[in-house]
Amino acid sequence: MDETDYANDAVVVFGFLPVPADSDPTPDGPKLRRCLVIRVDEEMYTSRPFLFVNLYWYEGFSSIPLGKAKLILRPKDSKDLINLNDRRVRSFTELRKNVDIAALFIGNRRVYRELLKAAGNELAKRVLLRASELAALHAFHSSSRALKQIRSSGFLEGVISSDEEQFSFLSLRKLMEEDQRRFPPDIERIHAVVEISPRKLLTVNLQFYEALRTVQPLTVVIGANGVGKTRLLIALARAIMGKGGNGATVFERDGTPASLKGFSPISFTYEKTLWGSLARAGARVIALGVASGNWRSLGRLLQSLALADKDDFSIKAFCRVVSDVVAINDMHIPTVGRTSLDAGGAQPSIRLIDLSNGPSNEILAAVDAARDVYFESEDKGRYHPSSGQRSVLLFTAHLYAEASNGALILIDEPENHLHPQFVSIMMQTLRRTLVATESRAVVVTHSPFVVREVDNSAVLILGKDENAQPALYRTTLQTLGADVSAISDHIFRDSEVKKAYERRIDEILSEATSDLERSQLIEEVEAEVGRDAEIYVRLRAAESSQ
C-alpha cells in the first residue's frame, strides 16, 4: 500500500480495516487521521442498488465503530466486480472516477449523532459531503449533480425504504442544530411506581424493544372497562412529573439512565376534565375527536408545522405519514386572498403538498386559520373526508406540533368512536409519527385492534388480583399480527361469555326431534353463520354425537 495521508476525508476499504484500533500503522501504510472509513464486506454484483457497509470514525490510531450504512455503487461495466482481496484504501473522490455512480446513505439518526459527536458538526458535514451522503446532499447541496443522478437513476426509492430511513433523509440539518436538552431519542424502558388509588402503589415496567427489526416506539396497556386504565395513565403522568407515587426511572438502549427533567408528558384524551390538575401542573392535555371547533384548528396546526423549522421537516414528515390516509394533493388550506401558490379554485387556498415545499413566510402568514381545511379535486369536486380520516389527520397534526423535538405521549382509548379500520390506521400513523419525532407513547385501550399492532413485549394487561386490587400482567400470546378474536379470548376471557348467536343456535338445535332433523338443522345453520359461529355449531354437533 502506498503511504497516503487521508486526514479529514472519507475513504472506502474492501474486506479489511487498514489500521487496527489503538496500534501504530505500518511504515508504508495509509494514514487515517480524523477520517470516515467505509468498509465493504460483500461483492459488488448484487440484485440490490446498494451494498451494506460498516462505518468507522478514525481518530488518531483508534477507530470508533458507528454502525451500518448503504453504499450505492454502479460500475461502468456491469460485469465488473469489486475485488475484496484488493487491500487498497480508496478515497471517495478516487472511487467516483472509476464508477458511474458512487454515494453513501446512513439513514439512521443514531449513527448520524455518533458521527457528529466524534467529529464535530463542521468536519462531519465535510466528510459526509465528500462521501456524497444522500441526507447531507439533501440538506446542504440539494442541487448537486450527484443527488440529481441518484434521483434520475431511480436508486433513491430503492435505497430509502424504512420509516427511519425516510425521516433520517429529511432531518440531518435538524440533527446538527438540535438542542442538547432534547427528549432522549433512544429510550428502551420506563420503570415507575405509581399511586393508582389511595395507598395503592403499582409497579409499571414499560418496554420499547425491537420488533420486526425496528424499535417499537409504543407500549400498550389493555383492560376491560372499569379496571382503572385512565387512572393508571394519570398516575403514570403524575409519577413522571414527580407529583405522586415513587417517581419514574428512564433507561436508554445501552442501559444508562436518562433524564426526563423539564419534559412534561403530552396526553390525548376524550375526557379532558379528568386531567385538570395535571394540566394546571404543566402537562399538555389535548382533546381527541373531531368536533367542529377541533377540526377548525387543523389549518392553524399545519401553518405552525410549516413555520416550525427552516428545513420543513415537520410538515414534510406529516405529509409522508398522512398520504396513506387521504389524497394530500386534494387537501386545501384556505388563505386570505390569492397568493403565488394559489390552488386556483373558487376559494383562495394553498394545497398541503405546496405547503410542504417551503413557501415564503409571507405566504404562510396568509393562511386563514379561521376557516376549515377542505378537500377538492377535478373529478370529485368539493368533498368531505370521513370522520375517521378527519380524526386521524387532526390527531397526527397535534402529534407533530407537540412532539417535534421528541416527547412522551400518553393516549387514553384512541379507538373510541372509530371504525376498526381507522383504529388500525390511527395506530399506523401513530407509530410512524413516533419514529419521525423519536418519541415514545403509552396507550391504554380495551381494543384488540390496538393490541394487534404491537409485539407482546410491549403489552401489559390491567386486571384484578385475588384481593380485587388492580394488577398488571404480561401476556404469553404473541399479539403482533394476531387474530383479534384470539386476543379478545386471551385477554378478556371472551370464550367464557355466552354470546347471543350461541344462545340462538342452542335454541334452534333444541327443536330437533331426531338425529336426522338435527343434522339438517346443523347444515342450515352452518350455511348462514360466520367462522366463529360455525366452529360453535360443529362443537355442539360433536357433543350430540357422543
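At what angle do helix 2 (residues 109–119) and helix 7 pack, and how far apart are their axes? In this predicted model, the two helices pack at an angle of about 30 degrees, and their axes lie 9 Å apart. Because angles under 35 degrees count as roughly parallel, helix 2 is described as roughly parallel to helix 7, and the crossing by which helix 2 passes helix 7 is right-handed. On the side of helix 2 the contact is formed by R109, Y112, R113 and L116, whereas helix 7 contributes E164, F167, S168, S171, L172, L175 and M176. Sorted by class, the residues of this contact comprise 6 nonpolar, 2 polar and 3 charged ones.

Helix 7 (residues 163–177) also packs against helix 15, here at an angle of about 40 degrees and with an axis separation of 9 Å. The two helices are therefore oblique to each other, and helix 7 passes helix 15 in a right-handed crossing. The residues that make this contact are D163, E164, Q166 and F167 from helix 7, together with R431, R432, V435 and A436 from helix 15. In terms of class, the contact of helix 7 with helix 15 consists of 3 nonpolar, 1 polar and 4 charged residues. E164 and F167 of helix 7 thus appear both in the contact with helix 2 and in the contact with helix 15.

A further partner of helix 15 is helix 11 (residues 313–322), which packs with helix 15 at an angle of about 155 degrees, the axes being 10 Å apart. Since angles over 145 degrees count as roughly antiparallel, helix 11 is assigned as roughly antiparallel to helix 15, and helix 11 passes helix 15 in a right-handed crossing. F313, A317, R320 and V321 of helix 11 meet T429, R432, T433 and A436 of helix 15 in this contact, which by class holds 4 nonpolar, 2 polar and 2 charged residues. R432 and A436 of helix 15 accordingly take part in the contact with helix 11 as well as in that with helix 7. Q428 likewise has its place in helix 15; with a relative accessible area of 41%, Q428 is partly exposed. The C-alpha atom of Q428 is separated by 9.5 Å from that of D324, although the two residues are 104 residues apart along the chain.

Helix 15 (residues 420–437) is also associated with a sheet, lying across strand 11, strand 20 (408–412) and strand 21 and running at about 140 degrees to strand 11. These strands belong to an open sheet of 7 strands with mixed pairing, whose order is 15-14-20-21-11-22-23. Strand 15 (284–287) and strand 23 (470–474) form the edges of this sheet, each pairing on one side only, and the twist from one strand to the next averages 20 degrees. Within the sheet, strand 11 (residues 218–222) runs parallel to strand 21 (residues 440–445), to which it is joined by 5 bridges; I222 stands opposite T445 of strand 21.

An open sheet of 4 strands, with antiparallel pairing, follows the order 8-7-12-13. Its edge strands are strand 8 (200–207) and strand 13 (257–258), each of which pairs on one side only. Helix 8 (residues 229–240) packs on this sheet and touches strand 7 (187–197), strand 8 and strand 12, its direction making about 110 degrees with that of strand 7. Strand 7 and strand 8 pair in the antiparallel sense over 8 bridges, with H191 standing opposite N205 of strand 8. In the hairpin formed by strand 7 and strand 8, where 2 residues lie between the strands, R199 adopts a positive phi near 65 degrees. On the way across the sheet, strand 7 is joined to strand 12 by 5 bridges in an antiparallel arrangement, and the bridge partner of A192 in strand 12 is A248. Strand 12 (residues 248–252) pairs in turn with strand 13, again in the antiparallel sense, over 2 bridges, and V250 stands opposite A258 of strand 13.

Conventions:
Residues numbered from 1 in each chain as written. Predicted model: local features only at pLDDT ≥ 70, side-chain atom pairs only at ≥ 80, totals over all residues. Heavy atoms only, no water. Pairing = 2+ DSSP bridges. Axes fitted to C-alpha atoms, helices over the stretch in contact; angles between N-to-C directions. Contact = heavy atoms within 4.5 Å. Parallel < 35°, antiparallel > 145°, perpendicular 65-115°, else oblique. Left-handed = near helix turned anticlockwise from the far one by under 90°. Nonpolar A, V, L, I, M, F, W, Y, C, P; charged D, E, K, R; others polar. Buried < 20%, exposed > 50% of the residue type's maximum accessible area, 1.4 Å probe, protein only.
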